[in-house]
Every structure is written in C-alpha cells, then in structure tokens.
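Okay, thanks for making time, everyone. I'd like to walk you through one model today, mostly its empty spaces and what sits around them. Let me put it up on the screen.

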Amino acid sequence: MVVLSNPVLDHLPLTKNQKPTNSMSLPIIDLSMSDSNTMILKACEEFGFFRAINHGIPKELISRLEEETAKFFSLPLSEKEKAGPAKPFGYGNRRIGPNGDVGWLEYLLLQAHPQFISQFSLHVSKKTSSFCEAINAYTFAVRGLACQILEQIAEELKIEPRNTFSQYLMDKQSDSVFRLNHYPPCPALVDLKYKLIGFGEHTDPQILTVLRSNNTAGLEICLRDGSWLPVPPDPNSVIVNVGDAMQALTNGKFRSVKHRVVANSKKSRLSMIYFGAPSLTAKVAPLPLFLRGEKAIYQTFTWYEYKKAAYASRLSDNRLDLFRTEEKEAGDTA
Ligand code: GA4
C-alpha cells in the first residue's frame, strides 16, 4: 500500500511508474484500404484493439464536440453538478460505478440516444443546447463508423446477413452509451515513482468501443504477459476495441482486453467514447459459425442480465467469467 503525503491524491489508486518492457505496438488500420477487412479481423482476434485512420468521422464534428466538452468541464462545479450525480448517467466526479471505484477524472455519461441527450440539456443550463447538438451529431457519426467496422467483420467472416453484429447498435432500443472524460493534469505527480490511475483497469462490457482523445497520452492496454502498453495520443485517429459481448458472440475468438488510463502531470486529457451495445432484451450467445466442432464457452444471456452483473461488480473484475459454461481451467485466458 502506497501512502502519499499529498492530500489531493488521498484514496486514489496508484501504480508503479515502470518503463514499458514490451516493444509491441498497436495495429494501425487504414479504413480506406481494400485490405482493411482482413486487418480488422486479425486485430480483433490477436489484440482486441486497433487504431483506425481515415475513419471518415468529419473533423468539424470532432472539433466542435471537443470545444463544447472543454467548455462544459470548465464550468463551476455547482453548474456541472446539476447534471449529476451519475447513477449511472449524468455528471460524475472521481466516483466510477456504484461499488467504490475511484479515479482521477470527471465525466459525463449519457445514453447514446438523441432523446436522452436532449433531456440531459434540461437539467443543466440553457447554454448547453449547442453542446447537446454537438454530442448528437458526433454520436450519430461514430455509431455509423462502429456499424461499418462490424459489417466489415461480418463480410470477412462471410456471415449472413451483413448486419448480424451492427443490427444490435442500430436497434432503436439499443443500450449504447456515450462517455466524455476529462482527466485534469495532476502536477503533484511530477517526480513521483508512481503513476496516478485516471480510470482503473477494466474490460468494456459492450460489443464495440470507439474512443477518440485529444493530444494527451494516458491510455494503456494490458498485454498477454501482463505488462502495460502505453498508446501514444493521435487526435486524428480513433482507437477501436472489442467488448465482452463481442467476445461472447464469437465464442472467445475475439478478445475483450483490459485497459486503463493514467493521469498526466502537465496536460488535460479529454476523451469521447462510444460504447455500442444491444438492447436490454437482446439475447447474446455464441454464433453458430463459431460453434463448428467447438463447445459454447459462454451461456446465452440477455444484455439486461449482463449489465446487472456488470453494475454489481468492481471495475477490474472479470465479468464474462460469470457466464462461462464450465469452470475456467488454470492458465486459460480466453
Ligand atoms: C466500463 C466501460 C464504460 O465506461 C461503462 C463503465 C460503467 C460506469 O462507469 O458506470 C462501469 C464499468 C464500465 C464496468 C463495471 C461497472 C459499470 C462502472 C462499473 C464499476 C459506462 C460501462 O458500460 O461499463
């Protein structure tokens, strides 16, 4: 247990500031290239993560949302708190989820649903309507990108219909969420042997996640050997990752991988993250294609059941293991 004399950092999780031991880097996929289907499939199976360039989300939408987000987080706390406390939706500060997890960040968590986003504007000041418009425009575009990637995957796997995965996100009742995170700089970190955790290690429960951040580093991905790979920032690309529901749909062929965010001592990190999910009543089960000659390693569950289990868990817990068909064998890291 590390004890710090700085009261600002009290009760926040820390991790040793070790030099990366692994020389691996994140796959970079140019979505405008004809081989991108194959590359996406490979990255989802081997890595669970990739960086997408030429992703097609208009720059203006991104910069408009980034400006509005920065404006929102610079409001006085009392104004921001009008949109909270996040239970789970709305403005949140340091507390993550309902079970005692904390991090060095403030955030807005919203249902990625235009109706919900405009209702959210009623709770905060009238000045935020342009903010809601920017969120709506961006979430519409990023959902399009997520669906395109899911359709490329279906095409590469020769799964019919092509919208086998994307239909979950296009469903009017889809439980997709959108998150805006602000990790303030933490000057107290300079010279410390420890890094402050902005958002603790976890896997994403949903099908597919699309993350875009400003030019500040922080994201780290857990590699198979347990080491952490820092992901350099690049505001022109997006990071795409497989979620637990996709790991279940593919019977473990795609990997939902743990990741975390560490705080920066000098710069603010702003990220906008879309989590594409099924509707609460949708059933999630390994698809027949992945069961040829293989047993289903996950039970069939509704998204409601999975979400309920997720909100009963701590951030770093392995939620998917609760839905395995048989006891996990030692060393099995599917
Ligand atoms: C992790 C991914 C998304 O940010 C999120 C998070 C959610 C929350 O912040 O409310 C959870 C977390 C996330 C997984 C376990 C539960 C739920 C906090 C928590 C302890 C919005 C999501 O869907 O799951």
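**Cavities, a pocket and the strand in between**

So, to start with the contacts: among those in the chain with a separation of 6 or more, 73% are between residues 24 or more positions apart. Keep in mind that this is a predicted model. The chain has 334 residues, and 51% of them are buried. In terms of secondary structure, we have eight helices and 15 strands.

Right, on to the holes. How many cavities of 30 Å³ or more does a search of the whole structure find? Two. The largest cavity holds about 80 Å³ of space, and the second largest has a volume of about 30 Å³.

Let's take the largest cavity. Its lining is made of 13 residues, and nearest the centre you'll find Arg51, Leu211, Ser213, Asp234 and Ile239. If you sort the lining by class, you get seven nonpolar, two polar and four charged residues. Which strands each supply at least two residues of that lining? They are β8, residues 208–213, and β11, residues 238–242. The largest share comes from β8, with three residues.

Now the second largest cavity. Here I can read you the whole lining: Glu66, Thr69, Leu180, Arg212, Ser213, Leu270, Ser271 and Met272. By class, that's three nonpolar, three polar and two charged. At least two lining residues each come from α2 (59–73), β8 and β13 (269–276). This time β13 has the largest share, with three residues.

You'll have noticed that β8 turned up for the largest cavity and again for the second largest. Ser213 is on both lists too: it lies among the residues nearest the centre of the largest cavity, and it lines the second largest.

So let's zoom in on β8. Is this strand mostly covered or mostly open? Covered: six of its six residues are buried. Leu208, Val210 and Arg212 point one way from the strand, while Thr209, Leu211 and Ser213 point the other way.

And what does β8 pair with? One partner is β11, in the antiparallel sense, over four bridges. Within that pairing, Leu211 has Ile239 as its bridge partner in β11. Those are two names from the centre of the largest cavity, by the way. The other pairing I want to show is with β13, also antiparallel, joined to β8 by six bridges. There, Arg212 stands opposite Met272 of β13, and both of those residues line the second largest cavity. So β8 pairs with β11, which also lines the largest cavity, and with β13, which also lines the second largest.

While we're on β11, have a look at Asn241, which lies in that strand. Why does Asn241 count as buried? Because its relative accessibility is 4%, and the cut-off for buried is under 20%. Leaving out residues up to four places away in sequence, Asn241 touches Gly48, Phe49, Asp204, Ile207, Leu208, Thr209 and His259. Two of those names, Leu208 and Thr209, are β8 residues that point opposite ways from the strand. There's also Val257, 16 residues from Asn241 in sequence, with the two C-alpha atoms 7.9 Å apart.

Okay, from closed spaces to an open one. The largest pocket has a volume of about 850 Å³. It's lined by 45 residues, with Ile96, Gly97, Arg179, Phe199 and Tyr311 nearest its centre. Strand β4, residues 90–96, gives the largest share of that lining, five residues. The class breakdown is 23 nonpolar, 13 polar and nine charged.

Last stop, the packing. In soluble globular proteins, nonpolar side chains tend to be buried together. In this model, the largest nonpolar core has 67 residues, and Ile153 and Phe165 have the most contacts inside it. Helix α5, residues 129–157, supplies the largest share of this core, 15 residues. If you click on Ile153 and skip residues up to four places away in sequence, you'll see it touching Ile40, Leu41, Cys44, Phe165, Met246 and Phe254. Then there's a second, separate core of 22 residues, which includes Phe47, Val177, Val261 and Leu315.

That's the tour from my side. Happy to rotate the model to whatever you'd like to see.

Definitions and conventions: Residues are numbered from 1 along each chain as its sequence is written. This is a predicted model: local features need pLDDT of at least 70, side-chain atom pairs count only at pLDDT 80 or more; totals for chains, interfaces and linings use all residues. Side-chain values use heavy atoms; hydrogens and water are left out. On a 1 Å grid over the protein atoms alone, a cavity is a set of points where a 1.4 Å probe fits but cannot get out, and a pocket is an open set with protein on both sides within 12 Å along at least five of seven lines; lining residues have an atom within 4 Å of a point. Grid points are joined across faces, edges and corners, and a volume is the space filled by probe spheres set on the points. Ala, Val, Leu, Ile, Met, Phe, Trp, Tyr, Cys and Pro count as nonpolar, Asp, Glu, Lys and Arg as charged, and the others, Gly among them, as polar. Buried means under 20% relative accessible area, exposed over 50%, partly exposed in between (1.4 Å probe, protein chains only). Two strands pair if DSSP finds at least two bridges between them. A nonpolar core is a set of buried Ala, Val, Leu, Ile, Met, Phe, Trp, Tyr and Cys residues joined through side-chain atoms within 4.5 Å. Contact means heavy atoms within 4.5 Å.
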